[in-house]
Amino acid sequence: MPLLRTEGFVLRAYPLGEADKIVTFLTREEGKIRGVAKSARKSRRRFGSSLEPWSRVSLTYFEKEASELGRVDACDLLESAYRLHEDLDTAWLLAYMAEVADQFSRDRQAEPHYYRLLGSLLGALREGLPRGVALRYFEVWTLKLHGLLPDLSHCAGCEEPPGRADLIVDLASGSVLCQRCCGAEGPSRVALRHGGRTVLASILREHPSILASRKLPSAGLKEVGRLTSASLLAFVGAPFKTARFLSVAEEVAW
Ligand SMILES: [Zn+2]
């Protein structure tokens, strides 16, 4: 059985029989992997708190041939997310982020940018990045790094840059049009106004720790939220289970 050593985040852990757990990791070098942590349920000493969601761990893992499920040999805690989980609303945000990241990450396919982004975002949350900003930052970059964020620099119809005018994103076709070319908002159409695009530009340009000390306008954040929520939903096809637990001010369109 080949041995693998890598660093990763725990995305989720769930019981397997009386004694064990199945753990999903998002690792730096290998992308998403799943493994059985023997005796993790029976003895807390075996893995300590390293199997809690968003723990950053140093992982030793045995791969099994012809099985996507390996065996977790050692899982040493590098950085705990325990303090973040003490706040209930932040805990739900982390649960949502874990569910979305699990859906978007592919098995055994490293995504170093995404991995770094998640680490930076957790760091910024510890430094006081507001939850509502963290949520949109996470969604925008999840879409962006998976090629799903529409290009808002110009209208796809007349090819004009929007200036201060509204842009309409048609989620069914993925096209971005100005109001002259598109007409009104509709069921599969989301408008992004100048304020929303300014917030989106900040999210795309700045490191999340910078945004911890800068106030982003809530109206713009809401617009970005409408776009990201609708885009994620259009891609995944069904709402994320944990989305309904996000606090009302942050959830916007779910
Ligand atoms: Zn146009």
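Start by selecting A134: leaving aside residues up to four places away in sequence, A134 touches L93, L121, A124, L125 and L129. Keep in mind as you look around that this is a predicted model.

**The core around your first stop**

Now add V10, F25, L51, L93, L121 and Y137 to your selection. Together with A134, these residues touch the most other members of the largest nonpolar core, which has 62 residues. Next, colour helix α3, residues 88-104; this helix gives the most to the core, with eight residues. The core draws at least three residues from each of domain 1 (3-80) and domain 2 (88-251). As a general background note, nonpolar side chains tend to be buried together in soluble globular proteins.

**Two domains**

Time to zoom out. Give residues 3-80 one colour for domain 1 and residues 88-251 another for domain 2. If you mark the C-alpha centres of domain 1 and domain 2, you will find them 30 Å apart. How many residues of domain 1 are in contact with domain 2? There are 14, and they meet 16 residues of domain 2. To see the side of domain 1 that touches domain 2, select β1 (3-16), β2 (20-27) and β3 (31-37), the elements that give two or more residues to it. Colour this side by class and you get six nonpolar, two polar and six charged residues.

**Helix α7**

Move on to residues 194-205, helix α7. Its 12 residues should span 16 Å at 1.5 Å a residue, and the end C-alpha atoms are indeed 16 Å apart, so the two values agree. Which residues of α7 are buried? Pick out G196, R197, V199, L200 and I203. These buried residues lie on the same side of α7 because they cover an arc of only 160 degrees around the axis. Turn to the other side of α7 to find A201 and R205, which are exposed. To see what the buried residues of α7 pack against, show α5 (131-145), β8 (189-192) and α9 (218-236).

**Helix α9**

Let α9 be your last stop. This helix has 19 residues and reaches 26 Å from its first C-alpha to its last, close to the 27 Å expected at 1.5 Å a residue. Select its buried residues, among them G220, L221, V224, L227 and L232; E223, T228 and S231 are also buried. What do the buried residues of α9 pack against? Show α3, α5, β6 (167-170), β8 and α7 to see these partners. Finally, step just past α9 to G237, which takes a positive phi of about 95 degrees.

Notes:
Residues numbered from 1 in each chain as written. Predicted model: local features only at pLDDT ≥ 70, side-chain atom pairs only at ≥ 80, totals over all residues. Domains from an automatic or database assignment. Contact = placed C-beta atoms within 7 Å. Helix = DSSP H or I, 4+ residues; strand = E, 2+ residues; numbered from the N terminus. Nonpolar A, V, L, I, M, F, W, Y, C, P; charged D, E, K, R; others polar. Expected span 1.5 Å × (residues − 1). Buried ≥ 20, exposed ≤ 12 C-beta atoms within 10 Å, placed from the backbone. Arc of directions from axis to C-beta. Core = buried A, V, L, I, M, F, W, Y, C linked by C-beta atoms within 7 Å.
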